[in-house]
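Reader: Hello! I am new to this structure and would love a close look at one part of it, with enough of the surroundings to find my way.

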Amino acid sequence: MSMKRVAIVAPLAALVSLLGIATSSHALEPPRVIPHSASVNKPVSEIFQTLKSYFADRLESKFILQSADEKTGTIVAKQTGIDSDRWRNWAACNTDPMHMIYQLNDAMVTVTIKLDQSVHNTTFMTVSADFQGIYGLAQDQTTIECRSTGALEDNILALAGAQMPGAQTSTAPATQAH
């Protein structure tokens, strides 16, 4: 191999090696959105109407109903302006060192619910929550995609009638004390 070829190949090999390390360490991070599922001993239509009514009532749920498709059994709702107590209960945000001193200015979540008919007039229900926090310091703001703690998803499952160990069944997800 000529010296010219070695001079080109060695830096390229180092770059490929570094990219491999960066990619593999990123691949080990847990996913941000982890769906939570449970069976509910009610028909899909009953759960769909209960959840659609809940998310459509902004005073009760603090959510805005984005869509509700009974044919597909899918409901999407969004909440912004989440108070810091619920935010700490529902989401975990990792900031890079540059943004560690930033304060939470706004918080939002998009909830997606999927209902599927199961055996014996029961429903298999899946809830996913996608959290984003807007953090800032003075005029500088950044949006951070956050991981769910699973608390909101489990509370929505319990609201629909799923038996969830440890979930708060007496309080709707968004009406907890501020």
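In what order do the elements of the protein chain run from the N terminus on? Once that is clear, please take me closely through the disulfide and the salt bridges.

Author: Happy to help! Please keep in mind that this is a predicted model. From the N terminus on, the elements of the protein chain run α-β-α-α-β-β-α-β-β-β-β-α. That makes five helices and seven strands. The chain has 178 residues, of which 35% count as buried. It exposes about 10,500 Å², and carbon and sulfur atoms supply 57% of that area. Among contacts with a separation of 6 or more, 64% are between residues 24 or more positions apart.

A word on confidence before we zoom in. The mean pLDDT of the chain is 82, and 75% of its residues reach 70 or more. Over residues 5–25 the pLDDT is below 50, and beyond near neighbours in sequence this stretch has two contacts in the model. Residues 174–178 also have a pLDDT below 50, with 18 contacts beyond near neighbours in sequence. Where pLDDT is low, the predicted coordinates should not be read in detail.

Now to the disulfide. The structure holds one, formed by Cys 93 and Cys 146, with their sulfur atoms 2.0 Å apart. The torsion about their S-S bond is about 100°, so this disulfide is right-handed. The pair links distant parts of the chain, 53 residues apart: Cys 93 is in the loop between strand E4 (91–92) and strand E5 (103–117), while Cys 146 is in strand E7 (residues 140–148). The two partners also differ in their surroundings. Cys 93 has a relative accessible area of 22%, so it is partly exposed. The value for Cys 146 is 1%, and therefore Cys 146 is buried.

Next come the salt bridges, of which the structure holds three. A good place to start is Arg 86, which forms a salt bridge with Asp 83; their closest N and O atoms are 2.6 Å apart. Arg 86 is buried because its relative accessible area is 3%. Asp 83 counts as buried too, at 17% relative accessibility, because the cut-off for buried is under 20%.

Arg 86 has another partner to look for. The side chains of Arg 86 and Gln 79 are joined by a polar contact of 2.7 Å. Gln 79 sits in strand E3 (residues 74–80), and with a relative accessibility of 1% it counts as buried. If you centre your view on Arg 86, you can follow the salt bridge to Asp 83 and the polar contact to Gln 79.

The salt bridge between Arg 88 and Asp 85 has an N to O distance of 2.6 Å. Both residues lie in helix H4 (residues 84–90), three residues apart, which is about one turn of the helix. Arg 88 is exposed, with a relative accessible area of 55%. Asp 85, at 39% relative accessibility, counts as partly exposed.

The side chains of Lys 114 and Asp 116 meet in a salt bridge as well, at 3.4 Å from N to O. Lys 114 is partly exposed, with a relative accessible area of 31%. Asp 116 is also partly exposed, at 32%.

To round off the tour, here are a few other places to visit. Thr 50 is in helix H2 (residues 44–56) and is partly exposed, with a relative accessible area of 37%. Thr 50 and Leu 159 are 109 residues apart in sequence, yet their C-alpha atoms are 8.9 Å apart in space.

The backbone has something to show you, too. Most residues other than glycine have a negative phi. Lys 62 has a positive phi, near 65°. This residue is in the loop between helix H3 (58–61) and strand E2 (64–69), and at 26% relative accessibility Lys 62 counts as partly exposed. Ala 138 has a positive phi as well, near 55°. Its place is in the loop between strand E6 (123–137) and E7. Ala 138 is exposed, with a relative accessible area of 74%. Strand E7, which follows that loop, brings you back to Cys 146 and the disulfide.

Technical notes:
Residues are numbered from 1 along each chain as its sequence is written. This is a predicted model: local features need pLDDT of at least 70, side-chain atom pairs count only at pLDDT 80 or more; totals for chains, interfaces and linings use all residues. Side-chain values use heavy atoms; hydrogens and water are left out. Helices (H or I, at least four residues) and strands (E, at least two) are DSSP runs, numbered from the N terminus. Buried means under 20% relative accessible area, exposed over 50%, partly exposed in between (1.4 Å probe, protein chains only). A polar contact is a pair of N or O atoms within 3.5 Å; within protein, one must be able to donate a hydrogen and the other to accept it, and residues adjacent in sequence count only if both atoms are side-chain atoms. A disulfide is a pair of cysteine sulfur atoms within 2.5 Å. A salt bridge is a side-chain nitrogen of Lys or Arg within 4 Å of a carboxyl oxygen of Asp or Glu. pLDDT is the predictor's confidence in each residue, from 0 to 100. Contact means heavy atoms within 4.5 Å. Accessible areas come from the Shrake-Rupley method with a 1.4 Å probe; for residues, only the protein chains shown count as cover.
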